[in-house]
Amino acid sequence: MNPGAESKPLVRLSRSSTGEAEITAVAEAVRRAALGMGVEVESFEQELAAYIGGQRQVICVNTGTSALQLAVQACGLGPGDEVLVPTLTFVASFQAISATGATPVACDVCEDDACLDPADAARRITPRTKAIMPVHYASGPGRLDEIYALAQRHNLRVIEDAAHAFGGTWQGRRVGAVGDVVCFSFDGIKNITSGEGGAVVTADARVVARVQDARLLGVEKDTEKRYAGQRSWEFDVTTQGWRYHLSNVFAALGRAQLRRLAGEFAPRRVQLARRYVERLAGVPGVRHLNLDYGSVVPHIFPIFISGGKRDVVREALRAENIESGIHYKPNHLLTLFGGGKVRLPVAEKLYAEMLTLPLHSELTNSEQDRVLAVLARRHVAG
Ligand SMILES: *Cc1c(COP(=O)(O)O)cnc(C)c1O
């Protein structure tokens with residue numbers, strides 16, 4: 001351990017960026033003292049829909065995980081059904097599927113983009129397979145067109161875990177503007193945050209109605225009434241629901257963040273990622289994903305270090321008081337999801353090599369230079 005490390009200022013892996021705009025927005029929501037789900041949530045949903053485009057409806061919920069769970073549930077899945085999902089994702093994707101009673105089926109990823117491998121997914125299709133959940137890993141779309149083609153051939157629903165990808169575009173349209181059902185997360189460190197929060201985006205009116213009801217304990221048509229400032233006293237419930245709605249306070253914060261995305265957060269994240277790409281070009285043994293930062297707003301910046309040196313690099317960063325991350329431990333290795341009974345060799349190889357470097361919109365160039373200086377040391381990476 002470097003004895004000087006503690007005295008060097010900490011470089012954070014990720015963090016939220018909040019300021020006066022968010023403080024004012026939240027304070028106003030609190031002052032109005034209508035803290036549950038109401039007009040602020042309705043406005044956030046409308047602004048998100050306008051931003052995303054494509055005539056989509058947006059339903060906000062309390063986390064990205066509940067967005068995924070309600071999306072799976074609203075597609076009619078439950079016990080006995082299987083969902084194909086890449087193993088390299090936040091455990092939220094797997095838990096959201098299993099929360100519905102359906103079974104997540106871990107699939108391997110492609111080495112070039114760390115996203116779902118459509119060929120591996122195709123091999124795991126059974127008569128019980130009902131949906132596929134591609135993950136926009138590090139905000140990249142992966143082979144999304146092939147996945148939609150596969151889904152069409154096998155009559156599968158597609159539920160995109162786009163938690164990393166808010167603000168990006170795919171085939172010239174905003175992520176969420178096309179596709180079957182697309183889910184976002186607004187947790188504290190995502191491209192925009194509402195404190196905690198998430199959204200389901202779709203053009204499927206049945207899915208919209210089911211998610212709207214399911215987020216409010218299954219109380220039918222409660223959303224319309226709450227947006228009109230009323231409360232349901234006389235109602236029916238026909239399906240399992242949850243208490244997953246977003247609060248006005250959180251929506252106020254999300255609205256303030258959405259206004260800062262295009263001018264501040266997105267360009268800064270892109271600029272930092274491009275700077276990493278440029279300056280890592282000469283570093284031997286270090287690979288990064290080949291993403292198009294003309295269309296991707298990067299949530300994380302993972303690199304892959306060959307030669308068994310990942311932990312050496314990680315330790316060298318730690319010695320300089322620089323945080324790093326590992327996105328992610330493959331889910332098929334977790335006890336609940338099989339404990340490694342299947343082998344997914346590409347994901348396991350990437351897991352041994354991956355290291356996520358600091359990236360957030362408040363990271364400074366000089367902080368990034370400290371990260372790059374460690375990687376450039378001859379004995380560290382190459
Ligand atoms: C953040 C995240 C989620 C879950 O979102 P929460 O808002 O934290 O519940 C799901 N999938 C991925 C890939 C994520 O990064």
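Where does Lys221 lie? I looked this up at the outset and found Lys221 in the loop between helix 7 and helix 8 (222–227). I note that the model is a predicted one.

**Entry 1. Backbone at Lys221 and Gln55**

I read a positive phi of about 60° at Lys221, although this residue is not a glycine. I then checked its accessibility: Lys221 counts as exposed, at 52% relative accessibility, the cut-off for that class being over 50%.

I next turned to Gln55, which sits in the loop between helix 2 and strand 1. Gln55 is not a glycine either, yet has a positive phi of about 60°. Its relative accessible area is 78%, and I entered Gln55 as exposed.

**Entry 2. The seven-stranded sheet**

I traced an open sheet of seven strands, in the order 1-9-8-5-4-2-3 and with mixed pairing. I asked why one side of strand 1 (57–61) and of strand 3 (103–107) is left without a neighbour in the sheet. Both strands stand at the edges and each has a single partner strand, so one side of each remains unpaired. I took the twist from one strand to the next and recorded an average of 25°.

At the strand 1 edge, I found five bridges between strand 1 and strand 9 (residues 198–202), paired in the antiparallel sense. Within this pair, Cys60 stands opposite Ala199 of strand 9.

I then looked for helices against this part of the sheet. Helix 2 (residues 39–52) packs there and touches strand 1, strand 8 (181–185) and strand 9. The direction of helix 2 makes about 135° with that of strand 1. Helix 7 (residues 205–214) lies across strand 1, strand 5 (157–161), strand 8 and strand 9. I noted that helix 7 runs at about 20° to strand 1.

At the strand 3 edge, strand 2 and strand 3 run parallel and are joined by five bridges. I listed Thr103 in strand 3 as the bridge partner of Glu82. Is strand 3 mostly covered or mostly uncovered? I found strand 3 mostly covered, with four of its five residues buried.

**Entry 3. Helix 4 and helix 3**

Which residues are buried in helix 4 (residues 91–99)? I listed Ala92, Ser93, Phe94, Ala96 and Ile97. Their cover includes helix 3 (64–74), strand 2 (82–86), strand 3 and strand 5. Just after helix 4, I recorded a positive phi of about 95° at Gly101.

I then examined the packing of helix 3 and helix 4, whose axes come within 8 Å and cross at roughly 40°. I therefore entered helix 3 and helix 4 as oblique to each other. Their crossing is right-handed. I found the contact to be made by Thr65, Leu68, Gln69 and Val72 of helix 3, and by Ala92, Ser93, Ala96, Ile97 and Ala99 of helix 4. By class I counted six nonpolar, three polar and no charged residues in this contact.

**Entry 4. Helix 9 and helix 12**

I looked up helix 9 (residues 248–280) and helix 12 (residues 365–376), and found that their axes come within 11 Å and cross at roughly 25°. Helix 9 and helix 12 are therefore roughly parallel to each other, since angles under 35 degrees fall in that class. I recorded the crossing as right-handed.

From helix 9, the contact draws on Arg268, Leu272, Arg275, Tyr276, Arg279 and Leu280. From helix 12, I listed Asn365, Gln368, Asp369, Val371, Leu372 and Leu375. The residues of this contact divide into six nonpolar, two polar and four charged.

**Entry 5. The three-stranded sheet and a cis peptide bond**

I traced another open sheet, of three strands in the order 10-11-12 with antiparallel pairing. Strand 10 (286–288) and strand 12 (354–357) stand at its edges with a single partner strand each, so one side of each has no neighbour in the sheet. On average, I found neighbouring strands turned by 35° against each other, direction ignored.

Strand 11 (residues 301–305) and strand 12 run antiparallel, with four bridges between them. I noted Leu357 in strand 12 as the bridge partner of Phe301. Helix 10 lies across strand 11 and strand 12, and runs at about 25° to strand 12.

Lastly, I checked the peptide bond from His327 to Tyr328 and recorded it as cis, with omega near 10°. I placed Tyr328 in the loop between helix 10 (310–319) and helix 11 (345–353).

Definitions and conventions:
Residues are numbered from 1 along each chain as its sequence is written. This is a predicted model: local features need pLDDT of at least 70, side-chain atom pairs count only at pLDDT 80 or more; totals for chains, interfaces and linings use all residues. Side-chain values use heavy atoms; hydrogens and water are left out. Two strands pair if DSSP finds at least two bridges between them. Helices (H or I, at least four residues) and strands (E, at least two) are DSSP runs, numbered from the N terminus. Axes are lines fitted to C-alpha atoms, for helices over the stretch in contact, and angles run from 0 to 180 degrees between N-to-C directions. Contact means heavy atoms within 4.5 Å. Angles under 35 degrees count as roughly parallel, over 145 as roughly antiparallel, 65 to 115 as roughly perpendicular and the rest as oblique. A crossing is left-handed if the near helix is turned anticlockwise from the far one by less than a right angle, and right-handed if clockwise. Ala, Val, Leu, Ile, Met, Phe, Trp, Tyr, Cys and Pro count as nonpolar, Asp, Glu, Lys and Arg as charged, and the others, Gly among them, as polar. Buried means under 20% relative accessible area, exposed over 50%, partly exposed in between (1.4 Å probe, protein chains only).
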